[in-house]
Amino acid sequence: MAKAFLDPQLKIDHRKQQTELKLFNALVQKYRSGATFEQIKIKELCQMAGVSRATFYRHHQELTDVIVVQFLILIANFERQIDELEQIDFVNSSAVIVTTIYANLELIKMMQWSDIQPQIQSLFSGTALQILILRDYSKVTQNFVSDFLGKTILNFAQQIAMAVEPITPAVALKLYRLLLPNSL
């Protein structure tokens with residue numbers, strides 16, 4: 001698991017942000033070239049990114065961590081967008097979720113490419129749990145609902161990203177609002 005923990009109050013070092021971006025961009029190049037994830041060597045990725053292996057291992061334990069960090073950044077940005085809403089309700093939050101999915105289709109595809117869906121689903125479920133903790137539910141119910149939401153939203157995002165015939169954001173938003181519960 002990535003060694004980076006994102007917190008709205010935490011300021012991440014600018015050099016670390018640049019390193020993460022370089023590593024991710026190099027990984028995107030490998031993805032777009034048609035390479036399998038298993039073929040990628042850390043040494044090769046670091047050379048492409050212009051990052052030393054020592055720097056890579058200072059921040060990561062394995063190659064999948066590069067993608068996990070991007071999802072952590074995505075979740076932090078999502079939480080910020082939700083916090084900025086004048087009114088937080090199902091209609092507004094579902095629009096932010098669908099917009100976030102469409103802005104990150106390639107990242108979602110890369111998650112499947114690298115076979116890290118369980119890790120990302122845990123991140124999504126954890127985010128849902130943070131929201132549910134503020135509600136008056138039993139711990140068992142919180143865990144069940146957060147796991148359900150994490151899996152469901154991730155599955156929805158994967159279906160959108162991998163659709164043979166692209167679905168427009170407007171259609172995706174209608175489907176999201178039909179398929180997911182609007183109150184818990």
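## A loop residue to start with

Asp115 sits in the loop between H6 and H7. This is a predicted model, so please read everything below as a description of that prediction. The phi angle of Asp115 is near 60 degrees, a positive value in a residue other than glycine. Is Asp115 buried or exposed? With a relative accessible area of 56%, Asp115 is exposed, because the cut-off for that word is over 50%.

## Helix H6, just before the loop

Step back from Asp115 and you reach helix H6, which spans residues 105–114. Which residues of H6 are buried? They are Leu107, Ile108, Met110, Met111, Trp113 and Ser114. The cover over these buried residues includes H1, H4 and H5, along with helix H7 (117–132) and helix H8 (139–162). Right after H6 comes Asp115 with its positive phi.

Trp113 also turns up in another setting: ring pairs join Trp113, Tyr31 and Phe37 into a cluster.

## Aromatic pairs

How many aromatic pairs does a search of the whole structure find? There are six. A pair of aromatic rings is described by the distance of the centres and the angle of the planes. For Phe90 and Tyr176, the ring centres are 6.2 Å apart and the planes are at 20 degrees, so this pair is stacked. Phe90 belongs to helix H5 (residues 90–103) and Tyr176 to helix H9 (residues 169–179). With their positions 86 residues apart, the two rings link distant parts of the chain.

Both partners are buried, though their values differ: Phe90 has a relative accessible area of 18%, and Tyr176 has one of 4%. The cut-off for buried is under 20%, which means that Phe90 qualifies at 18%.

## Where H5 meets H9

The helices that carry this stacked pair also meet along their axes. The axes of H5 and H9 come within 10 Å and cross at roughly 130 degrees. H5 and H9 are therefore oblique to each other, and their crossing is right-handed.

Which residues make the contact? From H5 they are Phe90, Val91, Ser94, Ala95, Ile97, Val98 and Tyr102. From H9 they are Pro169, Ala172, Leu173, Tyr176 and Arg177. Both rings of the stacked pair, Phe90 and Tyr176, are therefore on this list.

## Salt bridges

A search of the whole structure finds five salt bridges, and three of them are worth a visit here. Lys16 pairs with Glu20, with 2.8 Å between the closest N and O atoms. Both residues lie in helix H1 (residues 14–32), four residues apart, or about one turn of the helix. An α-helix has 3.6 residues a turn, so residues three or four places apart point the same way. Lys16 and Glu20 are both buried.

Helix H4 (residues 64–84) holds a pair with the spacing of four residues, about one turn of the helix: Arg80 and Glu84. Their closest N and O atoms are 3.3 Å apart in the salt bridge. Arg80 is partly exposed at 40% relative accessible area, whereas Glu84 is exposed at 54%.

The bridge between Glu44 and Lys30 joins two helices. Their closest N and O atoms are 2.6 Å apart. Glu44 is in helix H2 (residues 42–49) and Lys30 is in helix H1, so this pair ties together parts that are 14 residues apart in sequence. Is Lys30 buried or exposed? Lys30 counts as buried at 14% relative accessibility, while Glu44 counts as partly exposed at 30%.

## Ile75, inside helix H4

Helix H4 is also home to Ile75. Ile75 is buried, with a relative accessible area of 11%. What does Ile75 touch once its neighbours within four places in sequence are left aside? The contacts are Leu123, Phe124 and Thr127.

For a sense of distance, take Ile75 and Thr19. They are 56 residues apart in sequence, and their C-alpha atoms are 19 Å apart in space.

Technical notes:
Residues numbered from 1 in each chain as written. Predicted model: local features only at pLDDT ≥ 70, side-chain atom pairs only at ≥ 80, totals over all residues. Heavy atoms only, no water. Phe/Tyr/Trp six-rings, centres within 6.5 Å; stacked < 30°, edge-to-face > 60°. Buried < 20%, exposed > 50% of the residue type's maximum accessible area, 1.4 Å probe, protein only. Salt bridge = Lys/Arg side-chain N within 4 Å of Asp/Glu carboxyl O. Axes fitted to C-alpha atoms, helices over the stretch in contact; angles between N-to-C directions. Parallel < 35°, antiparallel > 145°, perpendicular 65-115°, else oblique. Left-handed = near helix turned anticlockwise from the far one by under 90°. Contact = heavy atoms within 4.5 Å.
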